[in-house]
Each structure stands twice: as C-alpha cells, then as structure tokens.
Amino acid sequence: MGCSRGLKAALLLGVALLIFTESVVGRFVVEKNSLKVMSPDSIKGNHDSAIGNFGIPQYGGSMAGAVVYPKDNQKGCKEFDDSGISFKVKAGAMPNFVLLERGDCFFALKVWNAQNAGAAAVLVADYIEEALITMDSPEESSNAAKYISNITIPSALIDKSFGEKLKEAISKGDMVNVNLDWREAVPHPDDRVEYELWTNSNDECGFKCDMLMDFVKDFKGAAQILEKSGYTQFTPHYITWYCPQAFTISKQCKSQCINHGRYCAPDPEQDFSTGYEGKDVVIENLRQLCVFRVANETKKPWMWWDYVTDFQIRCPMKEKKYNKECAEGVIKSLGLDLKKIEKCMGDPEADLDNQVLKEEQDAQVGKGSRSDVTILPTLVVNNRQYRGKLEKGAVLKALCSGFEETTEPSVCLSGDVETNECLDNNGGCWQDKSNNITACKDTFRGRVCECPVVNGVQFKGDGYSSCVASGPGRCKITNGGCWHDTKNGITFSACVDNTDGKCTCPPGFKGDGVKSCEDIDECSEKKACQCPECSCKNTWGSYECTCSGDLLYIRDHDTCISKRATEVRSAWTAVWVIFLGLAMATCGAYLVYRYRLRSYMDSEIRAIMAQYMPLDSQNEVVSHANEERA
C-alpha cells in the first residue's frame with residue numbers, strides 16, 4: 001500500500017513537471033568558461049567547456065595546468081589508489097588537470113576520486129558528439145552526499161572531438177598545457193551586482209535541501225553587509241508549477257496546490273496520506289516572498305535572510321512546527337508588519353490569480369542570456385546562472401567577479417567577510433537593555449538566539465521573545481552594573497541586593513559606585529585610630545590599629561585601655577550591679593510597707609472619730625431617712 005502511494009506521488013509529480021516544462025517553452029543555457037590550450041601548437045587555441053555544478057570554480061580568476069590522462073581507471077569511477085596512480089606534483093611544478101571519460105558513474109564521483117589522488121582540476125570528455133551539457137550532482141544519493149559537499153576543485157565538460165585531440169597529443173608524449181579562465185563567466189558591467197537565489201522552504205527534500213539551508217545560514221552575514229552597503233541587489237525566488245485543469249478537483253491537486261490548482265509544490269514526503277502537504281510548502285514559499293516585499297518597502301530587504309534562517313531553526317518539519325503560528329512568531333520577533341504580509345499573501349482558497357506567485361512563474365522562464373530555471377537551488381549573478389558548489393567562499397568569489405574592474409568593495413580584496421549580526425536590532429533576539437544582557441550571539445556562521453549564563457546565573461527561555469534568570473541575586477548578574485574588584489583574595493562590590501537597584505560603595509571606599517570606588521585611607525585622613533597610644537596602618541577597604549604596650553584597642557570608641565584595668569573594672573561593675581539591685585529591692589519593700597501602714601492608720605482614725613462626732617455622710621443619710629418617715 002505504501003509503495004502504491006509513493007508511486008502515485010511520483011507519477012503525479014512527473015506529469016506535473018512535464019506539463020510545466022512544456023508550458024513555459026523555454027530553454028536551458030549551459031554556463032561556460034574559457035579553456036585555452038597553450039601547447040602543443042597542433043591544438044593551440046580557445047575552446048568552450050561547460051562548468052560543473054559542484055566543486056568551486058575560480059570565478060573572476062584563472063588556473064594554468066598540465067593535462068594528464070591516466071593509463072588505468074580512465075573513467076575515474078574507482079579510487080586511483082587502487083591502481084597506484086597519483087596526480088600530486090612536486091613543489092614548483094604545474095598542477096595536474098586530469099582528463100577523464102564520461103560514463104559508468106556520476107560526474108561528481110569522477111571528480112571526487114581525482115581530487116583525492118591530487119588533481120587540481122578535472123576535464124571530462126563527452127562520449128558522443130552533442131552540444132555541451134551541465135554536469136550536475138545526483139538528486140538523491142546518500143552515498144553521493146558524503147563526498148559532493150567536500151569537492152573543492154573545479155571541473156568542466158568538453159566535447160568529444162576536443163577530448164580526442166587532447167588524448168592523441170598526450171599519447172605522442174607532448175606536454176599539454178591549458179589555462180582555465182572564469183574571468184568572463186559572469187558579466188561585470190558596473191559597480192553593483194544583481195543576483196537572485198531560487199530556493200525552497202521545504203526542509204525535508206534530501207541532500208540538496210540540506211545544502212541549501214546550510215548555505216543560507218553561512219552566507220547571510222556576507223549578503224547583508226553587501227546589501228546594506230549598496231554593493232548588491234538581491235532577490236529571492238521560488239519555483240511553483242500548476243495542476244492541469246482536468247485534475248484541479250482531484251485529491252492530489254487539492255493537497256499540493258492553492259488557488260484552485262494554479263500554484264503547486266510536490267508533497268514533501270511524496271506520500272499524500274501522511275505528514276505535510278505540497279500546499280503547505282507553497283503557502284510558506286508565498287509568505288517568504290511577502291516577507292521580502294514588505295521588508296523591501298521599509299528599505300531593509302536584507303531582513304529576508306533573518307526570517308528564512310530563523311524559520312529553519314524554529315519551525316522545522318521534523319518537529320511538526322512548520323506552520324502559520326510558528327512563522328508568525330518569527331515575524332513578530334523580527335519586528336516585521338504581520339498585517340502587511342498577510343495582505344500581500346492574499347487568499348489561497350480564492351479561484352483567482354495570486355499576483356506574487358504569477359510573477360514567480362513568469363520569472364522562471366529564461367530571458368535574454370539567462371536560461372530557464374530548472375535546477376533547484378539556482379543562483380543567478382548578473383543574469384548568468386552560477387555553477388558550482390553553493391558555498392560561502394565560492395559564491396562570494398562569483399559575486400565579486402560581477403563588479404566592474406576597480407569598483408569592487410574592499411570585502412572582495414580580503415580573505416573573508418567579518419560581520420556582527422547582533423548590532424542590528426539585536427539580531428531579533430531577546431535583550432535586557434537596562435542590564436546590558438542579550439541572548440544574541442554572533443558566530444562565524446551567523447548569529448544564534450540563546451539565553452545566556454551570566455556570572456553563574458542561567459537564563460532560561462526560547463532566546464527570541466523571553467529569557468528569565470533562574471538563579472537568585474541581582475548582584476550576581478554583572479554585579480548589577482556596579483563597581484567591583486578583587487585583591488588578595490578579598491572581593492568588594494558596590495552592588496546592594498535590594499529593590500532600588502542603586503550602587504553604593506561599601507564601607508572603607510568612596511566614589512560613585514558605578515565606575516569607581518576608591519579606598520579611603522583612614523589613617524592619613526584621621527578618620528580612625530587617632531588616640532595617643534594608637535598606631536595606624538591602612539589596608540584595602542579598611543585599616544589596622546594597634547596600641548602600644550599592654551593596651552587593648554576598642555574600635556567602637558577609638559581608644560586604648562589597659563587589659564588589667566579592664567578585668568578589675570569588670571569585677572567592680574559586677575559588685576555595683578549586685579549592690580544596686582539589693583538597694584532597689586529594699587526601697588521597693590519599704591515603700592510597700594509605708595503604703596500599707598498609712599492605709600491602716602487612716603481607717604483606725606476614721607473609726608474613732610465616728611464614735612464622737614457624726615460625719616457629713618452620716619447626717620445626710622439620717623435626714624434622708626426622716627424625710628421619708630414624714
């Protein structure tokens with residue numbers, strides 16, 4: 001059942017690509033470089049050769065070498081070590097360009113085997129008389145993927161008749177010297193290079209997709225520097241095809257296309273029953289095109305590189321994050337206008353042309369000297385398709401070869417491009433400006449958003465929208481931005497772990513607490529240890545005070561006292577405390593006694609007086625009683 005589904009997908013993809021190819025009625029232009037024979041005279045002159053679409057062509061330069069034709073393994077499909085053949089040269093000798101025959105194995109494997117044997121370049125002779133073709137790497141091969149990315153030498157295909165002439169000259173013992181020239185491979189009309197990259201958002205299409213993703217990440221810094229400086233004008237493109245009118249209502253077209261079959265992409269897994277669908281890829285391709293258009297409107301077209309690399313990292317298919325929600329999270333983190341992007345994308349369900357994707361389909365057709373775009377990925381420099389390994393250094397050489405002489409930027413005259421992507425909008429990463437903490441880390445391959453570890457305090461989060469300190473203590477994070485220093489194993493800090501966040505120099509120091517705290521010399525400034533018997537010594541952040549003779553320094557009172565006097569005084573103090581305690585108890589008892597005695601005497605006197613004279617209170621009571629009787 002699985003084989004049946006895979007077959008259906010493959011058949012539909014083949015039919016669709018065939019229909020698309022027939023519909024555009026275009027042509028494929030083979031990109032060439034010049035090959036000039038210097039000797040022998042019998043074949044001296046200029047010849048065309050087709051640049052291989054792998055390895056690193058020397059765009060803007062040339063190479064001279066001697067052509068060698070191996071006696072064994074002449075197709076190069078086996079390792080040359082097995083035949084005891086080496087193409088390595090001694091110091092001072094011309095490098096060897098190995099001539100091989102076409103057939104029996106991949107072009108790239110021939111070049112790989114020759115490179116491992118010491119070849120500086122490879123010429124592959126065609127086995128039939130035909131127009132030159134482009135040597136491309138195999139589409140899907142796990143074994144090929146292991147060596148294609150490591151091919152670093154240039155290669156070219158030559159026609160059969162020229163190959164025969166080279167072999168004949170070598171067989172006669174002639175020294176065949178040639179010059180490979182890429183200086184005119186890319187037009188260089190003015191001081192600005194225009195280039196475009198035909199790419200894809202699908203990250204599950206095998207080796208070429210992996211190579212494309214790695215290139216975008218690696219080249220982003222260089223691309224942004226060139227664009228910001230006005231040296232280049234970059235435009236991204238995406239390939240789509242359309243579904244035949246008769247099949248637009250089929251399940252296959254509905255799953256792979258948007259806008260009623262007008263714009264389609266192959267199923268990522270080539271299985272309609274599982275995973276993502278082709279239309280998911282089309283929609284994300286459209287979103288990336290609109291990101292570029294909206295960024296271009298704000299005069300920041302280079303932000304396309306930020307979005308694409310972040311989307312690859314944060315929204316991969318294998319983690320089931322390749323969706324609208326994740327894409328919008330990336331857009332927001334970069335500060336792009338989400339509403340404008342949505343408006344640009346339009347309605348994928350509408351039975352109408354999408355202007356953005358329609359322009360992409362039109363651009364796929366070759367015009368002028370540029371051929372149709374049929375290889376994915378494809379880089380076009382000054383309207384000429386780039387051939388070779390999609391690698392930062394190689395592509396940079398191709399771009400630099402597109403400048404008019406003497407107008408190339410300084411980066412083209414240096415070894416590489418240095419860039420700090422965190423300087424622009426903090427790279428779209430989280431940051432705490434008040435404490436100067438950021439999740440943006442600039443690396444050779446581009447910036448990454450990763451929550452930092454600051455003074456042992458680990459921040460946790462996604463690195464893009466949030467990072468929260470997981471450890472305690474404001475003062476552990478760059479000392480709160482305050483002054484701090486360590487000497488002789490002793491550390492002082494002006495950071496106070498409180499809510500106001502102020503920096504205050506610790507005791508023994510003076511200063512603003514932020515930039516500096518200077519040690520106070522308590523001795524010379526006479527702030528301590530000033531008694532006659534005292535001897536003062538300043539230390540960092542404090543002081544030492546000693547007393548002469550048998551004296552003891554009391555720091556709180558800044559005075560010296562006798563150690564014996566201290567002992568006697570302590571004993572008398574105890575005696576006096578006891579005495580005072582007894583005296584207070586005696587006084588308390590006496591006062592209680594007097595109070596009770598006086599109360600008793602008052603009551604006795606009142607009783608005696610009551611017997612001899614009536615009291616006022618008693619008269620009042622009697623009168624009141626008599627009145628009641630009346």
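Here is a short tour of a few spots to select in your viewer.

Before you click, know that this is a predicted model: local features need pLDDT of at least 70, side-chain atom pairs count only at pLDDT 80 or more, and totals for chains, interfaces and linings use all residues. Residues are numbered from 1 along each chain as its sequence is written, and side-chain values use heavy atoms, with hydrogens and water left out.

**Stop 1: helix α10**

Select residues 338-345, which make up helix α10. Helices here are DSSP runs of H or I with at least four residues, strands are runs of E with at least two, and both are numbered from the N terminus. Show the side chains of Leu-338, Ile-341 and Met-345: they are buried, meaning under 20% relative accessible area (exposed is over 50%, partly exposed is in between; 1.4 Å probe, protein chains only). They cover an arc of only 65° around the axis, so they sit on the same side of α10; the arc is that of the directions from the helix axis to the C-beta atoms. Now spin to the other side of α10, where Lys-339 and Lys-343 are exposed.

What do the buried residues of α10 pack against? Add α7 (278-297) and α9 (324-333) to your selection, and there are the partners.

Check both ends too. At the start, a side-chain oxygen of Asp-337 comes to within 3.1 Å of the backbone nitrogen of Lys-339. Just after α10, Gly-346 has a positive phi of about 70°.

**Stop 2: Arg-314**

Jump to Arg-314 in helix α8 (residues 303-314). Arg-314 is buried but has no salt bridge, that is, no side-chain nitrogen of Lys or Arg within 4 Å of a carboxyl oxygen of Asp or Glu. Asp-462 is the nearest side chain of opposite charge, 4.5 Å away (Lys and Arg count as positive, Asp and Glu as negative; His and chain ends are not counted).

**Stop 3: salt bridges**

How many salt bridges does a search of the whole structure find? The search turns up 19. For one of them, select Asp-362 and Lys-358, whose side chains meet at 3.8 Å, N to O. Both lie in helix α11 (residues 355-363), four residues apart, about one turn of the helix. Asp-362 is partly exposed, at 39% relative accessible area, and Lys-358 is partly exposed at 32%.

Finish with Glu-101, Glu-164 and Lys-167, which salt bridges link in a network.

Technical notes
Contact = heavy atoms within 4.5 Å. Polar contact = N/O pair within 3.5 Å; in protein donor to acceptor, adjacent residues only side chain to side chain.
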